[in-house]
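Biologist: I'm new to this structure and would love a close look at one part of it. Could you walk me through the pocket and what surrounds it?

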Amino acid sequence: MKADAGAITIRPVTEADLPMLARWLAREHVRQWWGDVDTQIGRLRAKLDGRDSTRPFIFELEGAPAGYVQYSFFDDNRTPAQLAETPWLDLLPNGAVGIDLFIAEAGSLSKGLGSAVVRLMAEMLWQKGHRLILIDPDATNTRAVRAYEKAGFHPVDDLQGRTDNYLIMRFDPAISQQGGS
């Protein structure tokens with residue numbers, strides 16, 4: 001079953017969503033890539049109260065919460081602390097925005113939902129005037145890399161091998177969704 005992009009809606013995260021997000025973050029298929037639940041909830045609180053410029057959203061499938069997606073401004077993350085942890089951020093062009101997401105239910109993986117959501121978010125950002133839209137999956141997360149390729153992202157060749165385990169991929173709206181789920 002392939003996800004229908006028309007059935008997907010995206011809404012801002014609210015304080016009331018935090019318990020649900022904590023449950024999702026505790027699931028093995030999410031925790032594997034997102035890490036400690038308490039750390040992530042702390043980061044979400046920072047986003048909600050304006051201490052972090054990242055914009056957090058819940059995506060819903062046919063009106064039911066199905067996962068999390070966010071976009072961030074890489075320029076805002078070039079702090080000394082963040083650069084110490086991820087020095088490759090300095091390699092990214094100014095003005096780049098990044099997308100991150102996870103799907104709440106393991107049973108919903110590999111069904112086209114991730115591709116549809118990331119494509120929808122990238123198109124929304126493109127319509128807002130952002131022309132450098134990146135996503136940075138772990139290079140070993142082949143499921144995510146394939147989903148992002150289907151959504152119109154391609155690896156940034158000159159950054160390969162220079163960004164630790166991250167594969168930096170750039171959105172190209174001319175690339176249509178290809179392949180199956």
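Modeller: Happy to! In this predicted model, the largest pocket has a volume of about 1400 Å³. Its lining is made of 47 residues, and those closest to the centre of the pocket are Trp-33, Trp-34, Asp-100, Leu-101 and Asp-136. Many parts of the chain take part: helices H2 (28-34), H3, H4 (80-85), H5 (113-127) and H6 (142-150), together with strands E3 (64-73) and E4 (97-103), each give at least two residues to this lining. By type, the lining has 19 nonpolar, 17 polar and 11 charged residues.

Let's follow H3 from here. Besides its part in the pocket lining, H3 gives three residues, the largest share, to the lining of the second largest cavity. That cavity has a volume of about 30 Å³, and it is lined by Leu-21, Leu-25, Trp-34, Gln-40, Leu-44, Lys-47, Tyr-68 and Phe-102. H1 and H3 are the elements that supply two or more of these residues. Six of the lining residues are nonpolar, one is polar and one is charged. Trp-34 is listed both here and among the residues closest to the centre of the largest pocket.

H1 and H3 also pack against each other. The axes of H1 (residues 18-26) and H3 (residues 37-48) come within 9 Å and cross at roughly 145°, and the crossing is right-handed. On the H1 side, the contact uses Leu-18, Leu-21, Ala-22, Leu-25 and Ala-26, while H3 brings Val-37, Gln-40, Ile-41, Leu-44, Arg-45 and Leu-48. These contact residues divide into nine nonpolar, one polar and one charged.

Key
Residues numbered from 1 in each chain as written. Predicted model: local features only at pLDDT ≥ 70, side-chain atom pairs only at ≥ 80, totals over all residues. Heavy atoms only, no water. Axes fitted to C-alpha atoms, helices over the stretch in contact; angles between N-to-C directions. Helix = DSSP H or I, 4+ residues; strand = E, 2+ residues; numbered from the N terminus. Left-handed = near helix turned anticlockwise from the far one by under 90°. Contact = heavy atoms within 4.5 Å. Nonpolar A, V, L, I, M, F, W, Y, C, P; charged D, E, K, R; others polar. 1 Å grid on protein atoms, 1.4 Å probe; cavity = no way out; pocket = protein on both sides within 12 Å on 5 of 7 lines; lining within 4 Å. Points joined across faces, edges and corners; volume = space filled by probe spheres on them.
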